[in-house]
Amino acid sequence: MKIIMLGAPGAGKGTQAKMIAERYQIPHVSTGDIFRANIKNGTELGKQAKEYMDKGLLVPDELTVKILLDRVAQPDCKNGYVLDGFPRTIPQAEVLDEALTKLNESIDYAVNVEVPDENIVKRMSGRRACLKCGATYHIEHIPPKQEGICDTCGSELVLRDDDKPETVQNRLKVYHEQTQPLIDFYTGKGVLKTVDGTQPMEKVFEDITSILG
Ligand code: AP5
Ligand code: MG
């Protein structure tokens with residue numbers, strides 16, 4: 001099963017993608033996580049991506065597309081995957097579509113996690129992320145067992161550099177301009193499913209699994 005998660009920054013794409021990956025035993029592929037891992041490891045790609053990410057801008061398609069296509073060509077993606085944070089522009093969606101068509105494959109579901117902008121800024125300031133394993137928490141809604149420490153791998157949790165309120169506003173603007181058009185794109189392909197992302201995360205997941213079967 002090949003799934004795309006759509007939604008504004010902070011809508012809960014990553015939270016839900018992790019749960020989907022576990023339930024359906026498919027890899028969770030997040031371009032944001034790939035970039036953050038590169039930043040942490042000080043790679044050239046990380047240096048380039050950070051310049052854009054810290055401003056709340058999208059990393060250029062030239063840098064993003066190849067990384068994603070290489071990742072989904074790995075053997076563990078043979079039976080499907082859940083994409084989180086890709087595609088984010090119409091050109092990215094078109095490249096993915098072409099690559100899949102060549103393999104005689106297609107996306108099964110594009111799950112749009114809908115959350116109004118007003119809720120987003122509040123969520124982001126409470127988010128804590130593990131840069132090692134990609135797990136995310138929320139200091140009020142989804143706290144880790146021990147404050148500041150990742151339940152999964154024991155690493156330190158941090159506030160992401162791009163979760164400052166000014167940057168979040170910018171990410172929302174970029175989302176509405178560049179990413180929201182994908183809702184029409186995937187509606188046109190007949191695979192778009194929308195869920196109410198303002199509900200508790202377990203309820204959002206229930207709605208998603210009733211769609212995916
Ligand atoms: P990326 O890492 O993809 O960030 P994003 O889309 O801005 O989304 P987030 O990860 O911030 O939010 P999310 O929807 O995953 O929410 P989460 O589950 O954490 O990208 C970062 C940057 O990388 C981009 O700005 C761009 O620069 C670059 N980039 C990445 N991909 C790119 C691409 N394809 N092209 C170009 N550039 C790219 O949840 C948020 C918080 O809410 C958490 O604290 C969580 O615990 C909490 N929460 C989740 N669900 C609920 C719920 N139901 N109720 C209450 N709280 C909840
Ligand atoms: Mg995320």
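A contact here means heavy atoms within 4.5 Å. By that criterion, among contacts in the chain between residues at least 6 apart in sequence, 69% link residues at least 24 apart. The model is predicted.

**Figure 1. Overall fold of the chain, with 9 helices and 8 strands.** The radius of gyration is 16 Å, close to the 17 Å that the globule rule gives for 213 residues, so the chain is as compact as a globular protein of that length. Along the principal axes, the C-alpha atoms fill a box of roughly 45 × 40 × 35 Å. Of the 213 residues, 45% are buried. The exposed surface of the chain comes to about 11000 Å². Carbon and sulfur atoms supply 51% of that surface.

**Figure 2. The shell of 36 residues around ligand 1.** Thr 15, Leu 57, Arg 88, Arg 127 and Arg 171 come nearest to the ligand. By class, the shell holds 14 nonpolar, 14 polar and 8 charged residues. Four elements each supply at least two shell residues: α1 (13–24), α2 (31–40), α6 (117–126) and β6 (136–138). Helix α2 gives the most, with 4 residues.

**Figure 3. Backbone atoms of Ala 11, Lys 13 and Gly 85 beside ligand 1.** Two of these approaches involve ligand oxygen. For Ala 11, a backbone N or O atom lies 3.3 Å from an oxygen atom of ligand 1. For Lys 13, a polar backbone atom is 2.8 Å from an oxygen atom of the ligand. Gly 85 instead places a backbone N or O atom 2.8 Å from a nitrogen atom of ligand 1. On its own, the ligand has 1000 Å² of accessible area, and the protein covers 96% of it.

**Figure 4. Arg 171 in helix α7 (residues 165–179).** This arginine is one of the residues that come nearest to ligand 1. Its relative accessible area is 11%. Buried means under 20%, protein chains only, so Arg 171 counts as buried. Leaving out residues up to four places away in sequence, Arg 171 touches Pro 9, Gly 56, Met 124, Arg 127, Arg 160, Asp 162 and Asp 163. Among these partners, Arg 127 also belongs to the residues nearest to the ligand.

**Figure 5. Thr 89 in the loop between β3 (81–84) and α5 (90–102).** The relative accessibility of Thr 89 is 5%, and the residue counts as buried. The side chain of Thr 89 makes a polar contact with the side chain of Asp 61, at 3.4 Å. Beyond residues up to four places away in sequence, Thr 89 touches Leu 58, Asp 61, Gln 178 and Leu 182. Asp 61 thus appears both as the polar partner and in the list of touching residues.

**Figure 6. Asp 207 in helix α9 (residues 201–212).** With residues up to four places away in sequence set aside, Asp 207 touches Val 195 and Gln 199. Tyr 24 serves as a reference point for the span of the chain. Asp 207 and Tyr 24 are 183 residues apart along the chain, and their C-alpha atoms are separated by 15 Å.

Notes:
Residues numbered from 1 in each chain as written. Chains lettered and ligands numbered in written order. Predicted model: local features only at pLDDT ≥ 70, side-chain atom pairs only at ≥ 80, totals over all residues. Heavy atoms only, no water. Near = heavy atom within 4 Å. Polar contact = N/O pair within 3.5 Å; in protein donor to acceptor, adjacent residues only side chain to side chain. Areas by Shrake-Rupley, 256 points an atom, 1.4 Å probe, with all protein chains shown as cover. Nonpolar A, V, L, I, M, F, W, Y, C, P; charged D, E, K, R; others polar. Rg over C-alpha atoms; globule rule 2.2 N^0.38 Å. Buried < 20%, exposed > 50% of the residue type's maximum accessible area, 1.4 Å probe, protein only.
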